[in-house]
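Let's walk through this model together, following the places where protein and DNA come together. Have the structure open and turn it as you read.

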Protein chains: 2
Amino acid sequence: MSTAHGARARARIEVTAAIKDEARRQLAAEGAARLSLRAVARELGMVSSALYRYFPSRDDLLTALIIDAYDSLGESAEAAHQASADPYARWIAVCAAVRGWALDHPHEYALIYGSPVPGYTAPDTTVPPAARVGLLLIGIARDAHEGQGLDRPALPADLRPEAERMAADLAPDLPPETVTALVAAWAQLYGLVGFELFGQFNRVVEDREGFFRHAAGQLAEGVGLMPGSV
Amino acid sequence: MSTAHGARARARIEVTAAIKDEARRQLAAEGAARLSLRAVARELGMVSSALYRYFPSRDDLLTALIIDAYDSLGESAEAAHQASADPYARWIAVCAAVRGWALDHPHEYALIYGSPVPGYTAPDTTVPPAARVGLLLIGIARDAHEGQGLDRPALPADLRPEAERMAADLAPDLPPETVTALVAAWAQLYGLVGFELFGQFNRVVEDREGFFRHAAGQLAEGVGLMPGSV
DNA sequence: ACAAAAAAGAGAGCAGTGCTCTTGCATGGG
DNA sequence: CCCATGCAAGAGCACTGCTCTCTTTTTTGT
C-alpha cells in the first residue's frame, strides 16, 4: 500500500510537487510543445531517468498539468461567481473570470482548450475538473429560472429530442430550450476567449475588454438572463 | 533574377509542391507537432539537408501549410456562399462549410485556429487568406442590409467608439451595431466548431450536426439575419 | 563557346529530445 | 538484522532541427 506516513512517502510527494512546479514554469514560459522532461530534471538537479519514477511519460506529466489547469480555472470562475449577487452579474463575472484566467495563463489555456497535443487523448480523470465552469453556468441559469423563469423561443422540431436528451443529462430541472442555449453559449464563450488569446483579433478588435463584456452580455441574454432580473 | 523559364526553375516548383504535399499528408495523419522535416525528406527520397534549400526552417514549411489551409477553408466557404440564394441561407451554408471543412481537416484546422505552435508567430503573409471567411460573413450582412436594413439593438455607450472604429476598418457602409455583432458571431462560430472538433462536446452533445445548425441560426439572428428575409 | 557564378544534392556532425535498461546504493518493513 | 523494495545515476537507442562542407549540375555573362 502507499500509506502516506513514511519519510520516503513524504519525499515522494515533495519531489512530485517540485516536478509539477518546474514543469508548470516551463509550460508558462515556453508552451506545451517545448516542455521537456530533460530540462525539468536538469533544473531540479536530477538526472532525466529519475524523473520517470514519478511520471511514467511526458503525457502523464501533461495530464497532471491539465488537471491542475482545469482546477485553477474552475477556482477563478467559482470565486467570481460567489463575489456577485444576481444571476446576470454572476454570468458576466464568470465569463470575465474565464477570460482573465486565460490572459494570465495563456499556455495553460492553450493546453486545455487549444488544439489537443497530437497523439494525446486526455484520460477520463480530466472530465470532472473540466466540467466545473460548465456546471457554474448551469447553476446560474438554474437560479434565474427559479427566480422568474427563462422563456426561450421554441426549438425547431428536429432538435427537440437532442435538446431533451441534453437536458436530462445536464440539468433535468431546466427546460430543454435553456439547456441548449447554455451549451451553445458555453462553446461560444471559449470562441471569444480563444480568438482574443490566439491573436485572431489582432488588427480587428482594439478594446478587447469592452468588446468581451458586451459579447458576454449578449451570451447571457441568449440564455435568457436579463440585466435587471432578480 | 529568378526568371521562371529554366528546367531548374520548373524542377524547383515541382519539388516545392512535392514537399508541401508530403508535409500535408503527415500533417493530416499525425498533426503539426509530429510533422518532421526529416520524415518528409526521407519519404521523398532526399536527404534532410537538401530540404532546407526549399524551406529554410520547419516554421517556414508550417507557414506555407497554414496559408494553404486558410485558402482551402476560404474556398470551401466561398463555394457554399455561391451555392445559396438569400442571405440567411448563405450564412447557414457558410457556417456549415466551415464546420465541414474542419471535420474533414482536423489537424489543419487545429493548425490555424487552435493554439499557435509555441515559439511561432504567423507572419503578415497569412493575414489576407485568413480574412476570407470573415469577409464573406461581412458580405452576407451587407447584402441583407441593402435588402431591408438590419436593426440591431443600440450599443452601450462605452462601446460606441470601438464599434465605430471597427466599422470604419471593416465595413464603413454598415452600422457599428451590425459590425460588432458580426465580429462576435465570427469568433463564436469558431468556438462551436472548436469545441466539437477538440472533443469538448464528448458526452455532452450527440447530434452535433443538428445542434450546430441551430446554433448557427442563432448566430445569424444575432447579426440581424432572419430566416424569411430577402 | 567557355568560364565564372549560382543553385542543388549528399553526407557528416552538433545539440537536443523521449524513453529504456542496467547498475549501485540507501532505506523501511518483516 | 537483513533482505526486498524504492530510488538515483549513467549509458545508450532512435529520433529531431539545423549547420557546415564538399561535389555536381545548371545557368548566366562575356
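In this predicted model, a phosphate oxygen of DNA strand C sits 2.7 Å from a backbone N or O atom of Arg58(A). Side chains of chain A reach phosphate oxygens of this strand too: an N or O atom of Arg42(A) is 2.5 Å from one, and an N or O atom of Ser36(A) is 2.9 Å from one.

Now widen the view. DNA strand C has 22 residues around it, and among the nearest are Leu37(A), Arg38(A) and, from the other chain, Ser49(B). Helix 2 of chain A makes the top contribution to this surface, four residues. By class, the surface near DNA strand C holds nine nonpolar, five polar and eight charged residues. Of the strand's atoms within 4 Å of the protein, 46% are sugar or phosphate, and the rest belong to bases.

Next, turn to DNA strand D, which is surrounded by 24 residues; the closest include Ser49(A), Leu37(B) and Arg58(B). Here you can find a contact to a base: a nitrogen of one lies 2.4 Å from an N or O atom in the side chain of Arg38(B). Polar backbone atoms approach phosphate oxygens of strand D as well, with Arg8(B) at 2.9 Å and Val47(A) at 3.4 Å.

Which helix gives the largest share of the surface near DNA strand D? Look at helix 2 of chain B, which provides four residues. That surface comprises nine nonpolar, seven polar and eight charged residues. For strand D, sugar or phosphate accounts for 50% of the atoms within 4 Å of the protein, with bases making up the rest.

Technical notes:
Residues numbered from 1 in each chain as written. Chains lettered and ligands numbered in written order. Predicted model: local features only at pLDDT ≥ 70, side-chain atom pairs only at ≥ 80, totals over all residues. Heavy atoms only, no water. Near = heavy atom within 4 Å. Polar contact = N/O pair within 3.5 Å; in protein donor to acceptor, adjacent residues only side chain to side chain. Helix = DSSP H or I, 4+ residues; strand = E, 2+ residues; numbered from the N terminus. Nonpolar A, V, L, I, M, F, W, Y, C, P; charged D, E, K, R; others polar.
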